[in-house]
Amino acid sequence: MAESSNAEKTHLQDMEEGAAEMEERDRDSGEGEEEAMGVDISEDEEDNSSEDEKENEAEIQRLEEQLSINAFDYNCHVDLIKLLKQEGELVRLRKAREKMSELFPLTEEIWLDWLKDEIRLTEEEPNREKVYELFETAVNDYICPEIWLEFAQYSIGGMGSPGGMDKVRSIFERAVTAVGLHMTKGQTVWEAYREFENAILSTVQPPPGRIPTREEQDLLKTQIERIHTLFRRQLAVPLMDMEATYAEYEEWSEHGVAETVMQQYKKALEQLAKYKSYEEALMAAEPPKLAEYQSYIDFELKEGDPARIQITFERTLAENCLVPDMWAKYATYLDRQLKIKDIVLSSHERAVRNCPWTMGLWRSYLLALERHGADHQTVSDVFEKALNAGFIQATDYVEIWQSYLDYLRRRVDFSKESSKELEELRGAFSRSLDYMKQDVEERFGESGDPSCIIMQIWARIEALHCKNIQKARELWDSIMTKGNAKYANMWLEYYNLERSSGDTVHCRKALHRAVQCTSDYPEHVSEVLLTFERVEGSLEDWDVAVQKTETRLNRINTQRAKAAEKEANAARQEEERADQRRRTKVEKKGQKKSPKGTRAGEKRKAEQDDYHNEWNNSSAEHGTKRHRGNGDQTTEEHMETETGLFGKKAPPGYKRPPPGDKRAQQGGAAAAQKQSNDDDKPELRNDNSSVFISNLAYTLEEPEAKLRTLFETCGPIEQVRPVFATKGTFKGYCYVQFESTVSVAEALKLDRREVEGRPMFVSPCVDKNKNPDFKVFKYNNSMEKQKIFISGLPFSCTKEQLEEICKGHGTIKDIRLVTYRSGKPKGLAYVEFADEAQASNAVLKMDGMCVEDNKISVAISNPPRRNTMDKAGSSRLAMDVPRQVFGSRGRGRTQLSLLPRSLHRQSAPGVQAENGAAAAENAAGETKPLSNSDFAKMLLSK
């Protein structure tokens with residue numbers, strides 16, 4: 001036996017020496033090629049390489065400085081490792097990788113690069129243990145078949161050392177246990193294990209022509225049995241391409257396949273048929289394949305095989321390591337079903353390393369440590385790491401403190417008056433209050449514990465367990481001074497504590513203070529006080545309670561009446577301001593649409609004729625104009641109609657044509673006439689069942705037919721009213737009226753739908769004269785923690801491209817590209833994820849990313865608040881500013897005056913008004929032209 005083992009080792013050493021000689025020859029030849037190639041390198045290339053090295057070194061220093069400020073910048077770690085590897089800085093590269101590994105689990109690609117570099121650097125035997133330690137760390141981060149395979153192959157290189165063969169077999173056994181059930185990649189590990197054992201078999205077989213000894217025969221049988229066992233174990237596991245393994249076993253086995261192996265193989269094939277659809281779905285899906293993995297996990301949970309459930313979870317988390325919900329689901333399964341300490345605690349540790357911002361994972365980790373009997377120092381260390389994890393809400397810190405305080409409370413033996421554990425618990429309570437006041441409030445602007453839950457728990461523990469009612473009262477006094485004295489439920493909690501652990505005097509005192517301080521439900525507190533006195537008090541106590549409650553309730557009712565009156569006055573003032581704004585808008589519209597005066601000569605006459613014709617056209621719609629007031633038809637206001645016409649004063653000398661005059665009835669365009677006919681039927685118009693469509697292209701052909709087709713899916717349409725100008729051109733907006741108000745909600749969902757290259761705006765149909773302050777803004781204007789805001793996108797970026805970029809960071813619910821009214825992109829976007837944790841992860845990973853040479857900025861969506869204050873003052877200022885006076889030809893393309901400054905005279909408004917008639921006469925008559933000499937005299941007179 002010893003001779004055969006020595007022969008085996010000698011043969012393996014020869015194999016290693018041969019492999020080493022081949023590597024040395026390859027290295028020498030490679031160096032020779034590099035030297036030969038180096039002769040051809042020009043000086044320009046050397047200069048360029050030196051400049052690149054300087055730039056890379058500057059970038060490395062910048063990244064290191066940034067990591068010194070924020071060590072949790074994942075992308076910065078990755079960029080630094082890439083640059084250091086590119087520059088060949090092996091020592092700094094190793095330190096950078098170690099630093100990142102301490103903070104984050106590394107991906108399979110990063111681990112494989114690191115391991116291959118370390119294997120090349122540590123060729124000497126004493127350094128192999130360091131590589132082994134690195135492999136152990138790597139296989140603990142994720143379940144990766146490639147890393148296990150690399151681990152086993154590396155261990156084969158040390159097989160010549162004492163116990164080397166047993167170590168290789170041990171690593172292979174761990175590998176098939178960890179990833180041997182992997183449906184698609186587990187087969188490679190099994191095959192590598194068999195190849196290793198076949199290589200060993202070839203070394204123990206005697207050479208041809210020599211009769212083996214008994215020891216050699218036993219060794220040979222043992223090795224053959226090992227290979228048989230590997231075949232049987234692999235064929236019992238459902239793996240892809242099992243048929244090829246079975247065929248290989250048939251060919252290799254001299255005595256054929258045993259019946260038991262055949263039955264296990266058929267059973268595995270049946271299981272493979274059940275799993276195959278899920279595996280095919282995973283192969284066809286795009287990363288991160290979360291939905292496909294979720295359905296796979298649900299199936300495995302129904303089947304109930306713990307090993308397969310575990311490997312399916314591990315495969316899911318390898319591709320979705322930043323999904324906190326998946327880690328929580330896996331941890332819950334391990335805690336409730338598997339309950340194996342090493343696996344449970346290892347999974348919890350990996351969960352918090354992958355998603356450190358998720359408080360729920362830290363809380364589960366603390367409970368698991370306590371459940372499996374971890375020592376106190378370990379639990380305390382994990383809690384301290386949780387405090388430094390960077391939660392995104394103030395309430396998360398409250399909950400993690402509560403979990404730790406619960407753990408400390410369970411350690412205390414309250415049968416003893418004092419103990420080390422009790423003092424530690426009290427110290428932790430004090431520290432938690434200081435932490436909330438200082439760290440949490442400084443970061444979030446709030447303590448996260450407005451109801452003082454932690455202090456309430458402390459007071460109850462002091463009163464119930466420690467029998468220290470005085471300390472409990474001090475804590476409750478502190479709670480009430482933090483703004484909680486106005487809440488009835490806080491006083492009732494204090495009363496219940498006194499009722500159970502205190503005395504009658506303090507109960508009565510607490511209720512009397514509650515009646516005086518409570519402002520939300522004073523009636524309820526008063527009723528509790530009266531009930532207490534019925535049970536415990538004397539007649540004098542009853543009289544005092546009745547008097548105090550009546551006085552308090554009367555004061556409260558008076559305050560409520562004043563508040564109601566003040567609210568009514570504010571509403572009335574707001575209504576008056578709204579009326580004033582409405583009147584201002586109507587006056588402003590009237591001034592904008594008033595006639596602009598007449599022109600001189602023949603043009604003035606032609607304009608006057610056109611004005612008469614326009615009046616004739618508009619007067620045909622005179623009967624359809626709306627009136628203000630409740631039934632008062634004496635004061636008529638001319639408002640803008642859907643045809644775009646406004647009420648105007650009749651031209652001088654105009655007489656309204658009789659009702660039968662055909663000229664007045666045929667003046668408008670066909671589209672405007674159709675709108676007028678619709679306005680003749682006010683009973684058909686219902687704003688409650690209508691929507692307003694705007695931002696349509698003016699060039700939209702047949703808008704009524706196209707919009708009817710577009711909105712038919714929302715419900716039966718009663719009428720579509722596009723708005724046309726007087727010339728019959730479409731004005732870009734219209735009204736769609738449905739038969740039922742239910743259809744309006746469906747129609748509003750079509751808001752921002754693209755119609756011929758422009759976003760179509762759909763809003764409720766509201767009369768602005770009745771509701772001048774009505775605004776429609778469908779998006780939230782406050783912080784949305786599950787939504788991110790992206791700026792700096794290239795204008796060519798589409799919704800599909802953005803979804804492809806973002807889907808690797810979580811489940812996307814909605815993507816909105818921000819555009820101008822014309823439909824052109826602004827380079828901004830909002831992406832909504834399933835929860836805030838995914839959004840936070842996306843910000844960490846995407847901020848600073850380059851998209852088509854554009855560096856984008858990513859942040860949690862927190863748009864500025866929209867200004868909803870009253871701006872009536874600005875409209876009054878606008879009314880006070882006089883209109884600009886243009887010349888007789890109207891406003892020109894430029895506002896430059898071609899008259900010399902010395903000849904320019906600007907008359908005062910008053911003079912202009914007085915001389916208006918004279919100016920008109922001068923304009924109507926002939927003016928004497930000025931000669932050059934006249935201009936010269938005028939200049940000299942200056």
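**A colleague's note on this predicted model**

1. Let us begin with Lys-467. At 65% relative accessibility, Lys-467 counts as exposed, because exposed means over 50%. This residue sits in the loop between α21 (453-464) and α22 (469-484). Its backbone deserves a look too: Lys-467 has a positive phi of about 55°, although it is not a glycine. Please keep in mind while reading that this is a predicted model.

2. Asp-241 is worth visiting next. It is found in the loop between α10 (214-235) and α11 (242-252), and its phi is near 60°, a positive value in a residue other than glycine. Is Asp-241 exposed or partly exposed? With a relative accessibility of 45%, Asp-241 counts as partly exposed.

3. Now move along to the loop between α12 (259-284) and α13 (290-303), where you will find Pro-288. The peptide bond that leads from Pro-287 to Pro-288 is cis, and its omega is near 10°.

4. Helix α13 comes after that loop. How far apart are its end C-alpha atoms? They are 20 Å apart, and this agrees with expectation because 14 residues at 1.5 Å a residue should span 20 Å. After α13 comes Gly-304, which has a positive phi near 85°.

5. Which residues of α13 are buried? They are Leu-290, Tyr-293, Tyr-296, Ile-297, Phe-299 and Glu-300. As background for reading that list, an α-helix has 3.6 residues a turn, so residues three or four places apart point the same way. The cover over the buried residues of α13 includes α12, α14 (306-319) and α15 (324-338).

6. Farther along the chain there is a sheet to explore. Five strands make up this open sheet, in the order β2-β3-β1-β5-β4, with antiparallel pairing. At the edges are β2 (717-724) and β4 (753-755), each of which pairs on one side only. On average, and ignoring direction, neighbouring strands of the sheet are turned by 30° against each other.

7. For a closer view of one pair, try β1 (residues 690-694) and β3 (residues 730-738), which pair in the antiparallel sense over four bridges. Ser-690 stands opposite Gln-737 of β3.

8. Finally, which helix lies across the strands β1, β2, β3, β4 and β5 (758-764)? That is α30 (residues 703-711), and it runs at about 140° to β2.

Conventions. Residues numbered from 1 in each chain as written. Predicted model: local features only at pLDDT ≥ 70, side-chain atom pairs only at ≥ 80, totals over all residues. Heavy atoms only, no water. Helix = DSSP H or I, 4+ residues; strand = E, 2+ residues; numbered from the N terminus. Buried < 20%, exposed > 50% of the residue type's maximum accessible area, 1.4 Å probe, protein only. Expected span 1.5 Å × (residues − 1). Contact = heavy atoms within 4.5 Å. Pairing = 2+ DSSP bridges. Axes fitted to C-alpha atoms, helices over the stretch in contact; angles between N-to-C directions.
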